[in-house]
Amino acid sequence: MVRRDDIISSIEGLAPLEGAEQWDNCGVHVRGAEEVRRLSVLLDPTLRGIKAAKGEFILSHHPLFFSPIKFLSDDTREKVRELITRNQTFYAAHTSLDFAPEGVSWALARRLSLSEDADSTPRLRTGTVPCETLDEFIATIGTALGADAIRVVGDGGLPGRVGLIPGSGFHEDVIAECRARGISVLVSGDLKHHAALAAADMGVTLIDAGHRETEMPGIELVAQQLHALHTSLAIDVVEPARPWHYRFHVD
Ligand SMILES: [Zn+2]
């Protein structure tokens, strides 16, 4: 049994709230039982995910609420009802964990064997990978992250400098920064049409390995870190849903 507030202190030791973005909502969303036997770690606070999280304390990567609430939608109401009925604490460690010294971007860099440059930062980890070709790097990503389909823009860039951003990092300003800093390959998730076209024009190769796939190494890592700090605490990682699957049509 571990005190709720000790778990919060441990999370904030690993992922300080000062590291979070201004627009984000990291911290306690719902306060529950003071004594915790089980901690459930979630990527996405979907209703299915919350129902599957049996611990008295839920640590979620994505927040339940982003902006001040004026109206409780049916979906949010149902999630909050679940939490209150089961007296669960809900804590979101989003950008606080993304940019933590050993957080989500660090875990992705380790998983892909990135040798980081001196100017690598938690927001854009940069460096080199032990791959000779783009095909070899894509195969490595597929195996290391369990990514079953990887979208690629461009066909060059290796050997060269690689940038990594977990989640949804393909913004045109980030792609422009990569070009300016001589980073030829950027790995992230959630690629959109206009960002892909901009990258093609700028000559930066993009690898979309998936939002979920690029963030799960960090989610699994924080569960291990908390287990090391609280060995008496049972910890489970709720397997996130794959939000879509691929179907191919051939004429
Ligand atoms: Zn995310």
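Which loop holds serine 113? Serine 113 sits between α5 (104–111) and β7 (115–116). The close-ups below start from the overall layout and return to that loop later; everything shown comes from a predicted model.

**Figure 1. The chain comes with two assigned domains.** The domain assignment gives domain 1 as 2–98 and domain 2 as 104–212. If you want a distance to go with that split, the C-alpha centres of domain 1 and domain 2 lie 29 Å apart.

**Figure 2. Here α7 and α8 pack against one another, with their axes coming within 9 Å.** Helix α7 covers residues 172–180, helix α8 covers residues 193–202, and their axes cross at roughly 15°. Because of that angle, α7 counts as roughly parallel to α8. As for handedness, the crossing of α7 and α8 is right-handed. On the α7 side you'll find Glu172, Ile175, Ala176 and Arg179, and they meet Ala195, Ala198, Ala199 and Met202 in α8. Sort the residues of this contact by type and you get 6 nonpolar, no polar and 2 charged.

**Figure 3. This view shows α5 crossing α9, with their axes coming within 7 Å.** The crossing angle is roughly 110°, so α5 ends up roughly perpendicular to α9. From α5, the contact uses Val104, Ala107, Leu108 and Arg111, while α9 brings Thr214, Glu215, Pro217, Gly218 and Leu221. The residues of the contact of α5 with α9 break down as 5 nonpolar, 2 polar and 2 charged.

**Figure 4. Leucine 226 in helix α9 is the centre of this close-up.** Helix α9 spans residues 211–229. Is leucine 226 buried or exposed? Leucine 226 has 20 C-beta neighbours inside 10 Å, so it counts as buried. Leave aside the neighbours within four places in sequence, and leucine 226 is in contact with Ser10, Leu39 and Ile235. Leucine 14 is worth picking out here too: leucine 226 and leucine 14 are 212 residues apart along the chain, yet their C-alpha atoms are separated by 8.8 Å.

**Figure 5. Two non-glycine residues with positive phi, serine 113 and aspartate 190.** If you're checking backbone torsions, keep in mind that most residues other than glycine have a negative phi. Serine 113 has phi near 55°, and its place is the loop between α5 and β7. With 13 C-beta neighbours inside 10 Å, serine 113 counts as partly exposed. For aspartate 190, phi is near 60°. Aspartate 190 lies in the loop that runs between β11 (183–188) and α8. How many C-beta neighbours does aspartate 190 have inside 10 Å? Aspartate 190 has 14, so it counts as partly exposed.

**Figure 6. Valine 152 is shown in strand β9.** Valine 152 has 16 C-beta neighbours inside 10 Å and therefore counts as partly exposed. Not counting neighbours within four places in sequence, the contacts of valine 152 are Ile138, Leu206 and Ile207. Alanine 196 is 44 residues away from valine 152 in sequence, and the two are 8.9 Å apart in space, C-alpha to C-alpha.

**Figure 7. Glycine 160 lies in the loop between β9 and β10.** Strand β9 covers 151–153 and strand β10 covers 161–164. What does glycine 160 touch, once residues up to four places away in sequence are left out? The contacts of glycine 160 are Ser184 and Val185. Glycine 160 is partly exposed, with 14 other C-beta atoms within 10 Å. For a long-range pair, take glycine 160 and valine 36: they're 124 residues apart in sequence and 47 Å apart in space, C-alpha to C-alpha.

**Figure 8. Histidine 171 sits in the loop between β10 and α7.** Its count of C-beta neighbours inside 10 Å is 14, so histidine 171 is classed as partly exposed. Leucine 191 appears in this view as well: the C-alpha atoms of histidine 171 and leucine 191 are separated by 8.6 Å, and the two residues are 20 apart along the chain.

Notes
Residues numbered from 1 in each chain as written. Predicted model: local features only at pLDDT ≥ 70, side-chain atom pairs only at ≥ 80, totals over all residues. Axes fitted to C-alpha atoms, helices over the stretch in contact; angles between N-to-C directions. Helix = DSSP H or I, 4+ residues; strand = E, 2+ residues; numbered from the N terminus. Parallel < 35°, antiparallel > 145°, perpendicular 65-115°, else oblique. Left-handed = near helix turned anticlockwise from the far one by under 90°. Contact = placed C-beta atoms within 7 Å. Nonpolar A, V, L, I, M, F, W, Y, C, P; charged D, E, K, R; others polar. Domains from an automatic or database assignment. Buried ≥ 20, exposed ≤ 12 C-beta atoms within 10 Å, placed from the backbone.
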